[in-house]
Amino acid sequence: MDAKKDSNVTRRDLLKSATVAMGSLGLAGLYPGHETLASPMGKRASNEPSAKHDTVVGMKFAARDVVRVGILGVGGRGRSLLRDLLAVDSVQVTAICDIGKDAVLKAQAMVEKSGQKTPALYHNSERDFENLCKREDIDIVYIATPWTWHVPMALAALNNGKHAAVEVPAATTMKECWELVEASEKTRRHCVMLENCCYGYNEMLVLNMVRAGVFGEIVHGEAAYIHNLRDILFSNSGEGLWRRFEHLKRDCNLYPTHGLGPVANYMNINRGDRFEYLVSMSSPQVGLSAYRAKHVPAGDPKWKETYRCGDMNTSLIKTAKGRTVMLQHDVTTPRPYDRINLISGTQGTFRDYPPRICIDGQEGGEQWTTLDTYKAQYEHPLWKKAGELARKLGGHGGMDFIMNYRLMQCMKDGLAPDMDVYDAAAWSAPGPLSEMSVAQGSAPAKFPDFTRGRWKEAR
Ligand SMILES: NC(=O)c1ccc[n+]([C@@H]2O[C@H](COP(=O)([O-])OP(=O)(O)OC[C@H]3O[C@@H](n4cnc5c(N)ncnc54)[C@H](O)[C@@H]3O)[C@@H](O)[C@H]2O)c1
């Protein structure tokens, strides 16, 4: 729009005209309406790059006796992943990289204490990870660094012939989502997002119940990342050194995957259904400013910061099969931790935090009852097999170990991974898509079909 020429056209007018266009065109009209919105790709969001390479849907790892791992980033999360990996049989951690020498030395000590050989260490510069990725003795590179590094590091791993396992969210722009998809297809290497919440005890139990038809036909899910992170965001170490800055840059769902991954699994997203579009809305930003006013002394450089991200972001996702998902993000208000983790169908509903279930025709009538009665029948085999060690190691109640154990199992046994690059892209995409929708008065933002049609296949 020419700002001078149309200076009397308000934002509300623009939205009104977009709404009218959508109304007159029906569902198909949503996309022309949306396509006027510039995406972070600098292209129209519905433009999907044509496939240059074969799909990696269902692509199996080459089987191997030992899995050799290199790790980028050994702060809080990286060392937790390292501890789990060291507890899995036939896994060797051969190289470690972090810009903090102290972090690298702590990780080195962990590897040595476990009885493994001293790993190669990289801590010379922000781009020393490129040297780690060139090594011959690595099968998969784990990435647990701040979000801005996820994609450059994953690309370095893939382009050097390694598989990549990236922390969440895998990507923060649509362009980055596509870069991961295209690099995984081109290099024939997997890019797995480390969405540990898919491996929680309840999530896997409920997944089994969904597959057994306990909830009937699935119609709706709810997911969230509601976690009071204010102390961490304002800390002068760890995530406090980078994560708060994301709140200055973007107004959206900054961290969509923890809640969404399990619900995507319940709905067979990319395996029979797919996310089609979302609409999103943010509350005002008040939480970080209020926290700063109370806790940060005058004159601290943090007082120069302007926070943009609304405290509560709510998105509604529509799937190709017409199902709906409510997705929320709030890390700046004081309330108990909640990923919601709700799934609802024609025969019943499950809702977590705390876990509860209601099944049509159940004894006692229509009320929440305990999940415990279903555990004997539906406990997931992975938890039966590795649950004891997982609980002992403890990372997020054991889900972290189950995830790492399972990924290593897939690599050793030559299976396809549970989560591939299309999942990484589709579950990360609500970040940038909610940003677009919020900026355009909650206009619909379309998910690209990262699988290019392969989502229709059951797996
Ligand atoms: N899945 C989960 O449950 C979970 C939990 C916590 C964090 N995370 C994710 O893990 C990632 C890391 O988070 P964290 O809590 O460990 O943060 P952190 O700040 O504690 O650690 C990040 C580490 O990355 C290092 N680093 C930064 N730039 C680097 C570079 N260019 N090369 C090498 N190392 C570099 C830092 O020195 C630091 O040690 C984030 O993506 C976060 O979202 C996931």
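Begin by selecting Asn268, the residue that follows helix H10 (residues 257-266) and has a positive phi, near 55 degrees. Keep in mind throughout that this is a predicted model.

Step back next to helix H10 itself, where 10 of the 10 residues are buried, so the helix is largely enclosed by the rest of the structure. If you colour the buried residues along H10, you will find among them Thr257, His258, Leu260, Pro262, Asn265 and Tyr266.

From there, move to strand E7 (residues 218-226), which runs antiparallel to strand E11 (residues 342-345) and is joined to it by 4 bridges. To see this pairing at one point, select Gly221, which stands opposite Ile343 in E11. Strand E7 also pairs with strand E10 (residues 324-330), this time in the parallel sense and over 7 bridges, and here Tyr225 has His329 of E10 as its bridge partner.

For the next stop, turn to the largest nonpolar core, which holds 120 residues and in which Ala154, Leu180 and Ala425 touch the most other members. Helix H14 (residues 399-413) supplies the largest share of this core, with 9 residues, while domain 1 (67-195) and domain 2 (198-381 + 419-456) each contribute at least three residues to the core.

Which residues should you select around Ala425 to see what it is in contact with, leaving aside its neighbours within four places in sequence? They are Ala171, Cys177, Leu180, Val181 and Phe450. Of these contacts, Leu180 is worth keeping selected as you finish, since Leu180 and Ala425 are both among the core residues that touch the most other members.

Key:
Residues numbered from 1 in each chain as written. Predicted model: local features only at pLDDT ≥ 70, side-chain atom pairs only at ≥ 80, totals over all residues. Pairing = 2+ DSSP bridges. Helix = DSSP H or I, 4+ residues; strand = E, 2+ residues; numbered from the N terminus. Core = buried A, V, L, I, M, F, W, Y, C linked by C-beta atoms within 7 Å. Buried ≥ 20, exposed ≤ 12 C-beta atoms within 10 Å, placed from the backbone. Domains from an automatic or database assignment. Contact = placed C-beta atoms within 7 Å.
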